[in-house]
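Okay, I've got one structure for you today, and I'll just talk through it. Have a look at the screen.

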Amino acid sequence: MTAAVAIALAVNGEALSPLAGPGETLLDILRSRAELTGSKRGCNTGVCGACTVLVDGKAARSCLMLAADCAGREIVTIEGLDGDPHAALLREEMAGAGAVQCGYCTPGMIVALTDLFRGSAEPPDAGAVRHWLGGNICRCTGYVSIVEAAVKAGRRAVGSEPGMAGR
Ligand code: FES
Ligand code: FES
C-alpha cells in the first residue's frame, strides 16, 4: 500500500503541504485537509462543474485532478475570490436575479465565470456565457437567471474597470 505524501501547493495565496493519499483528488484535499468546503462535490466525475476552482488562473474541475499532480500549482477556490471584483459583481447580480436557489452550483459558476471575465476583452453576451457554462450544471434555475446575471455583471465590470480587457 502506498503511503500518503505531502504535496506543496499554494491555495488562495497560502503555501500548504497537505498529505495526499493514492488516488486522492484536489477536491478531496481542499475539502478534507484544507477545510475549504466552498468547492462542491456534485458528480465527482467531471460532469457537473460544482467543484470548479482556478488552477494557475484557469478554471478546472478539481474532482478530476489528482492531488499529486497539483504540486507547485496555484489554486484559487471560491473562498479565495472573496475580494475579487468580478466575483463580487457576480454574487450581487446572481442574488438580485434569483439565480441562487439551492446554491450548490453557485460557487462553481462564479469561479468559472470569473475566469471568463478575466479573459474577455468585451463583456460576454448571453451566447458566450451559455457556451462557457456548458460544463456547469444547475438543477434548479433553468439557467435563464444565471445567464442574465452573468451578462449584467460583465457589463458592470467593464464599465467600472476599463482595464478588465486582457486580464
Ligand atoms: S464534482 Fe467535479 S465536475 Fe462534478
Ligand atoms: S441553484 Fe441549485 S443547482 Fe443551481
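So, buried residues make up 45% of the 167 residues in the protein chain. Keep in mind that this is a predicted model. The accessible surface comes to about 8,000 Å² for the protein chain, and 54% of that belongs to carbon and sulfur atoms.

What about the fold? Going along the sequence, you read β-β-β-β-α-β-β-β-α-α-α-α, which gives 5 helices and 7 strands in the protein chain. The radius of gyration is 16 Å, and the globule rule gives 15 Å for 167 residues, so the protein chain is as compact as a globular protein of that length. If you want box dimensions, the C-alpha atoms fill roughly 50 × 35 × 20 Å along the principal axes.

For the contact-map people: take the contacts in the protein chain with a separation of 6 or more, and 57% of them are between residues 24 or more positions apart. And for the electrostatics people, there are 15 positive and 17 negative charges in the protein chain, with their mean positions 5 Å apart.

Now let me zoom in on the loop between β6 and β7. β6 covers 58-61 and β7 covers 74-76, and S62 sits in the loop between them. How accessible is S62? Its relative accessibility is 0%, so S62 counts as buried. Once you leave aside the neighbours within four places in sequence, S62 is in contact with T25, L26, L27, L30, C51 and V53.

C63 is in that loop between β6 and β7 too. C63 has a relative accessible area of 7%, and because the cut-off for buried is under 20%, it lands on the buried side. Not counting residues up to four places away in sequence, C63 touches T25, L27, N44, T45, G46 and C51. If you compare the lists, T25, L27 and C51 turn up for S62 as well as for C63. One of the C63 partners, N44, is 19 residues away along the chain, and the C-alpha atoms of C63 and N44 are separated by 5.5 Å.

Next up, helix α3. That's residues 106-118, 13 residues in total. From its first C-alpha to its last, α3 reaches 18 Å, close to the 18 Å expected at 1.5 Å a residue. How many of its residues are buried? It's 12 of the 13, so α3 is mostly covered. The buried set runs T106, P107, G108, M109, I110, V111, A112, L113, T114, D115, L116 and F117. As a reminder, an α-helix has 3.6 residues a turn, so residues three or four places apart point the same way.

Last thing, backbone torsions. Which residues have a positive phi without being glycine? N12 is one of them, with phi of about 55 degrees. N12 is found in the loop between β2, residues 9-11, and β3, residues 14-16. Its relative accessibility is 27%, so N12 counts as partly exposed.

Y143 is another one, with phi near 75 degrees. Y143 lies in the loop between α4, which is 126-132, and α5, which is 144-160. At 27% relative accessibility, Y143 also counts as partly exposed.

That's my tour, over to you.

Terms used:
Residues numbered from 1 in each chain as written. Chains lettered and ligands numbered in written order. Predicted model: local features only at pLDDT ≥ 70, side-chain atom pairs only at ≥ 80, totals over all residues. Heavy atoms only, no water. Helix = DSSP H or I, 4+ residues; strand = E, 2+ residues; numbered from the N terminus. Rg over C-alpha atoms; globule rule 2.2 N^0.38 Å. Buried < 20%, exposed > 50% of the residue type's maximum accessible area, 1.4 Å probe, protein only. Contact = heavy atoms within 4.5 Å. Areas by Shrake-Rupley, 256 points an atom, 1.4 Å probe, with all protein chains shown as cover. Lys, Arg positive; Asp, Glu negative; His and termini not counted. Charge placed at Lys NZ, Arg CZ, Asp CG, Glu CD. Expected span 1.5 Å × (residues − 1).
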